[in-house]
Amino acid sequence: MMRALVLILTILPFLYSKNIDLEIENKRLTQEINRLEKIVKKQEFLLKTKENNENNLLIYSNRCEEESPFPDLMMKEEHKKSSHDKNEIITFTASAFRLTTESVIYDAANGEKIELWEKGTSFTSNSMMDGWIKISGYFVKRRWKKAQREMWVKQAQTIKR
């Protein structure tokens, strides 16, 4: 009896360590199964997508190239942008602008040069004409000052603030 007890006590730790090894191996295999199942699901999704694309191919017709079957759509009059005549002054809500480059200031659109303003100078305007912006006022030491004479700058040299 004593011999059997010694034998059991000798074998028991060995069996216990084998049991732990089997549990670790079981977890690893479960994780591998989960990973492979995700791959299979992804492949099935891609296959279904490919089948749907093949089933839903558009058949192009020469009719589209010849003449559109749809009527010509016209924009409502109130939403059409009116084309402005050259040299027609367009007024808008007063806005602040800033010079993007060192710019020449003119006494009229396509007029005589009167000043040279540095890049970053801020000014206000409420009218423009054919690529020119009329300066209604400008900022001196963060204070707005009304323009005393007519001043124009090229629109391409400004950005709206």
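# Reading the calls in this model

User: How far apart are R35 and E32 in helix α1, in residues and in turns?

Analyst: R35 and E32 are 3 residues apart in helix α1, which means about one helical turn between them. A helix here is a DSSP run of H or I with at least four residues, a strand is a run of E with at least two, and both are numbered from the N terminus. The model is predicted, with local features requiring pLDDT of at least 70 and side-chain atom pairs pLDDT 80 or more, while totals for chains, interfaces and linings use all residues. Residues are numbered from 1 along each chain as its sequence is written, and side-chain values use heavy atoms, without hydrogens and water.

User: What makes R35 and E32 a salt bridge?

Analyst: The closest N and O atoms of R35 and E32 are 2.7 Å apart. The criterion is a side-chain nitrogen of Lys or Arg within 4 Å of a carboxyl oxygen of Asp or Glu, so the pair qualifies.

User: Are R35 and E32 buried or exposed?

Analyst: Neither label applies. R35 has 43% relative accessibility and E32 has 30%. Buried means under 20% relative accessible area and exposed over 50%, with partly exposed in between (1.4 Å probe, protein chains only). Both residues are therefore partly exposed.

User: How many salt bridges does the structure hold, and which residue meets R28 in one?

Analyst: There are 3 salt bridges. R28 meets E25, at 2.6 Å from N to O. Both residues belong to helix α1 (residues 2–55) and sit 3 residues apart, about one turn of the helix. R28, at 44%, is partly exposed, and so is E25, at 33%.

User: Which salt bridge links distant parts of the chain?

Analyst: The side chains of R149 and E115 meet at 2.7 Å, N to O. This pair links distant parts of the chain, since R149 is in strand β6 and E115 in strand β3 (residues 113–117), 34 residues apart. R149 is partly exposed at 46%, as is E115 at 30%.

User: How do you know that F97 and F123 form an aromatic pair, and what kind is it?

Analyst: A search of the whole structure finds 5 aromatic pairs. For F97 and F123 the centres are 5.6 Å apart, with 15° between the planes. Rings of Phe, Tyr and Trp (its six-membered ring) pair if their centres lie within 6.5 Å; planes under 30 degrees apart count as stacked, over 60 as edge-to-face and the rest as tilted. The pair therefore meets the distance limit and is stacked. F97 lies in strand β1 and F123 in strand β4, 26 residues apart. F97 is called buried because its relative accessibility is 7%, and F123 is buried at 0%. Ring pairs also join F97 and F123 with F92, W117 and Y138 in a cluster.

User: What makes up the largest nonpolar core?

Analyst: It has 12 residues, including F97, L99, W117, F123, M128, I133 and Y138. The elements that contribute two or more residues are β1 (90–99), β4 (122–129), β5 (132–140) and β6 (143–154). Another core, of 5 residues, lies apart from it and includes A109, M129, W132 and W152. A nonpolar core is a set of buried Ala, Val, Leu, Ile, Met, Phe, Trp, Tyr and Cys residues joined through side-chain atoms within 4.5 Å. In soluble globular proteins, nonpolar side chains tend to be buried together.

User: Is S127 in strand β4 buried or exposed, and what does S127 touch?

Analyst: S127 is in strand β4. Its relative accessibility is 6%, so S127 counts as buried. Leaving out residues up to four places away in sequence, S127 touches I89, I90, T91, F92, I133 and K134. Contact means heavy atoms within 4.5 Å. With the same exclusion, M128 is in contact with E88, I89, I90, F92, I133, W152 and Q155.

User: How do you know that β5 pairs with β4 and with β6?

Analyst: Pairing requires at least two DSSP bridges between two strands. β4 and β5 run antiparallel with 5 bridges, and β5 and β6 are antiparallel with 8. G137 in β5 is the bridge partner of T124, and K146 in β6 is the bridge partner of G137. The β4–β5 hairpin has 2 residues between its strands, and D130 in the turn has a positive phi of about 40°. The β5–β6 hairpin also has 2 residues between its strands, and K141 in that turn has a positive phi of about 50°.
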